[in-house]
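I opened a notebook for this chain and wrote down what I looked up, entry by entry.

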Amino acid sequence: MDKETLRYALLTDLYQITMAQGYWETGKGDEEACFFMFFRDNPFEGGFAVACGCAQLAEMVDGFGFDADDISYLASLTAPAGGPLFDARFLAYLSTMRLSVDIDAVREGTIVFPMEPIVRVTGPIMQCQLLETALLNCMNFQTLIATKAARVCLAAQTPVAEFGLRRAQGAGGSLWASRAAVVGGCASTSNVLAGKKYGIPVSGTHAHSWVMAFDDELEAFRAYARSFPKNCVLLVDTYDVKRGIDNAITVGLEMRERGERLLGIRIDSGDLAWLAKHAREKLDAAGLSDCGIVLSNDLDEHAIASIRAQGAQVSSWGVGTKLATAYDQPSLGGVYKLSATRGSGDVAWTGRLKVSEQSSKLTIPGVLDVRRYVDAEGRLAGDMVFDVDAGVGAEETIVDPADVLRRKALAGMSCTTLLAPLARAGASVLADEDRSAMAARDRVAAGLAQLDESQKRLYRPHSYPVGLEMGLWNRRADLVARLRGQKSVHA
């Protein structure tokens with residue numbers, strides 16, 4: 001998974017390369033195009049998402065290219081009717097092709113919402129097309145996991161450790177999941193390789209097998225405390241939780257006599273809320289009020305919220321499978337759509353959109369960006385999707401993409417644009433801070449602090465206002481009418 005060995009050019013769907021040959025053969029390969037990535041619905045039936053994957057997208061751009069082995073493999077593919085699938089002249093072109101696209105994206109860790117651009121790619125249409133699948137692979141999964149982590153951490157209110165490595169979706173998936181979990185707010189990961197590769201904190205103590213390897217639990221606890229006097233968290237549910245708590249208290253008091261401290265106990269089975277309360281009472285009564293309680297065992301944001309609602313005092317949480325695999329939603333559903341083209345030598349862009357039988361799949365034309373508005377109290381007030389070339393009307397009003405009657409005026413509020421350069425002329429331009437998972441985690445915390453509490457709740461969150469700039473909404477309506485052979489609504 002190192003950058004030197006992972007090549008992205010063939011991490012794509014076959015039809016991207018067949019379309020590329022078609023563009024090349026028809027002379028359209030160098031025609032300029034603009035694509036953008038977005039998603040249609042917030043994941044987990046929540047009120048927001050956390051953008052993640054931009055650092056890997058930058059790596060992808062810098063490592064993109066077809067080497068000799070790639071070209072040899074493509075040359076070996078045969079068409080269903082017989083003969084080579086790809087023209088040898090086209091493959092020769094691919095072997096020397098170098099990216100020249102510009103990419104703009106939200107900064108990693110930005111809170112984002114449905115129907116707004118997360119990534120924008122402009123450049124030769126063939127190159128934009130060849131980037132699609134790998135770009136979506138980078139952004140979709142990590143955004144999903146980072147969002148899940150943010151929800152878990154909001155519910156927990158105390159530190160969360162991610163340790164889903166053993167059940168994650170393969171080695172590559174586990175690395176990206178661990179990184180995205182920390183971006184979303186987790187304090188650490190159990191994944192040592194992810195810690196090394198991405199510079200994120202790692203944590204962990206011992207498993208049930210440690211206890212089982214000794215003749216009795218107390219002996220196992222004492223041995224672990226001697227080996228790790230500065231990182232001692234004892235897993236107390238191997239045999240009997242109540243007895244395990246008593247044994248941990250014995251070791252904790254012995255450690256105190258040596259000038260050491262039992263950091264905590266971990267409970268990984270049973271009625272976690274009841275057992276946590278019982279453990280707190282026992283630890284406090286023994287004078288170990290500084291010993292924390294760590295809970296694990298198939299936790300997610302809903303289980304954590306329930307445990308906290310029952311009055312359990314939990315110092316930290318271990319969340320594995322349901323975080324690293326996004327257990328309750330397998331994919332984000334982010335898509336990448338053509339929104340504008342222009343011919344060689346043209347100045348103006350021509351808006352493009354997909355008109356579908358499903359109104360929810362109607363796309364947005366133009367070279368798009370997002371303005372984020374903040375009210376006088378510092379709260380996020382609304383996001384405006386606008387066409388960079390056309391600009392923003394003086395009224396600064398947004399219109400719901402699906403309902404023209406739902407509008408919000410944002411004039412007079414402060415605003416910033418969200419898309420920033422990620423690559424220029426085919427080379428990444430991200431600063432080190434914009435590649436850092438830890439810096440992205442800080443942005444998540446700052447962004448969530450600006451959201452209203454109603455938009456962060458787990459159940460039936462209030463929807464955040466995202467809309468099209470009024471002029472863009474009108475231009476899209478006119479273009480839809482023209483493509484359907486109808487009279488323009490603004491004629």
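How many bridges join β16 to strand β21, and do they run parallel or antiparallel? I counted two bridges between β16 and β21 (residues 466-469), and the strands run antiparallel. I note here that the model is a predicted one.

**Entry: the other partner of β16**

I then looked at β17. Strand β16 covers residues 397-400 and β17 covers residues 403-409; the two pair in the antiparallel sense, over four bridges. Two residues sit between β16 and β17, and the strands form a hairpin.

I picked I398 to follow across the strands. In β17 it stands opposite K408. In β21 the bridge partner of I398 is E469.

**Entry: the whole sheet**

Next I wrote down the strand order. It is β17-β16-β21-β15-β14-β18, an open sheet of six strands with mixed pairing. I marked β17 and β18 (414-417) as the edges: each has a single partner strand, so one side of each is left without a neighbour in the sheet. On average, neighbouring strands of this sheet are turned by 35° against each other, direction ignored.

I also checked what packs on the sheet. Helix α15 (residues 470-483) does, and it touches β14 (368-374), β15 (380-387), β16, β17 and β21. The direction of α15 makes about 75° with that of β21.

For general background, I wrote that strands of a sheet pair through backbone hydrogen bonds, either parallel or antiparallel.

**Entry: UniProt records**

I looked up two features in UniProt, both from an unreviewed entry. The record places "domain: Nicotinate phosphoribosyltransferase C-terminal" at residues 370-474. In the model, that span is 18% helix and 37% strand, and its end C-alpha atoms lie 17 Å apart.

The record places "domain: Nicotinate phosphoribosyltransferase N-terminal" at residues 10-140. Over residues 10-140 I read 43% helix and 16% strand, with the end C-alpha atoms 18 Å apart.

**Entry: domain assignment and cores**

The domain assignment of the chain gives domain 1 (1-30 + 65-98) and domain 2 (147-325). I noted 48 Å between the C-alpha centres of domain 1 and domain 2.

Then I turned to the largest nonpolar core, which has 143 residues. The members that touch the most other members are L94, I103, V119, L135, I265, L295 and W317. Helix α5 (residues 125-156) gives the largest share of this core, 20 residues. Domain 1 and domain 2 each supply at least three residues to this core.

I took V119 as an example. Leaving aside neighbours within four places in sequence, V119 is in contact with F35, F36, M37, L57, I103, D104, A105, L135 and M139. There is also a second, separate core of six residues, and I398 from my earlier entry is among them. Others I listed there include Y373, M384 and L410.

**Entry: K337**

Is K337 buried or partly exposed? Its relative accessibility is 21%, so K337 counts as partly exposed; buried would mean under 20%.

I placed K337 in strand β12 (residues 335-342). Not counting residues up to four places away in sequence, K337 touches C34, F35, F36, F38, R40, K354 and T363. F35 and F36 also appear in the contact list of V119.

Last, I compared K337 with R167. They are 170 residues apart in sequence, and their C-alpha atoms are 33 Å apart in space.

Key. Residues numbered from 1 in each chain as written. Predicted model: local features only at pLDDT ≥ 70, side-chain atom pairs only at ≥ 80, totals over all residues. Heavy atoms only, no water. Buried < 20%, exposed > 50% of the residue type's maximum accessible area, 1.4 Å probe, protein only. Contact = heavy atoms within 4.5 Å. Pairing = 2+ DSSP bridges. UniProt positions renumbered as here; feature names shortened; annotations may be inferred. Domains from an automatic or database assignment. Axes fitted to C-alpha atoms, helices over the stretch in contact; angles between N-to-C directions. Core = buried A, V, L, I, M, F, W, Y, C linked by side-chain atoms within 4.5 Å.
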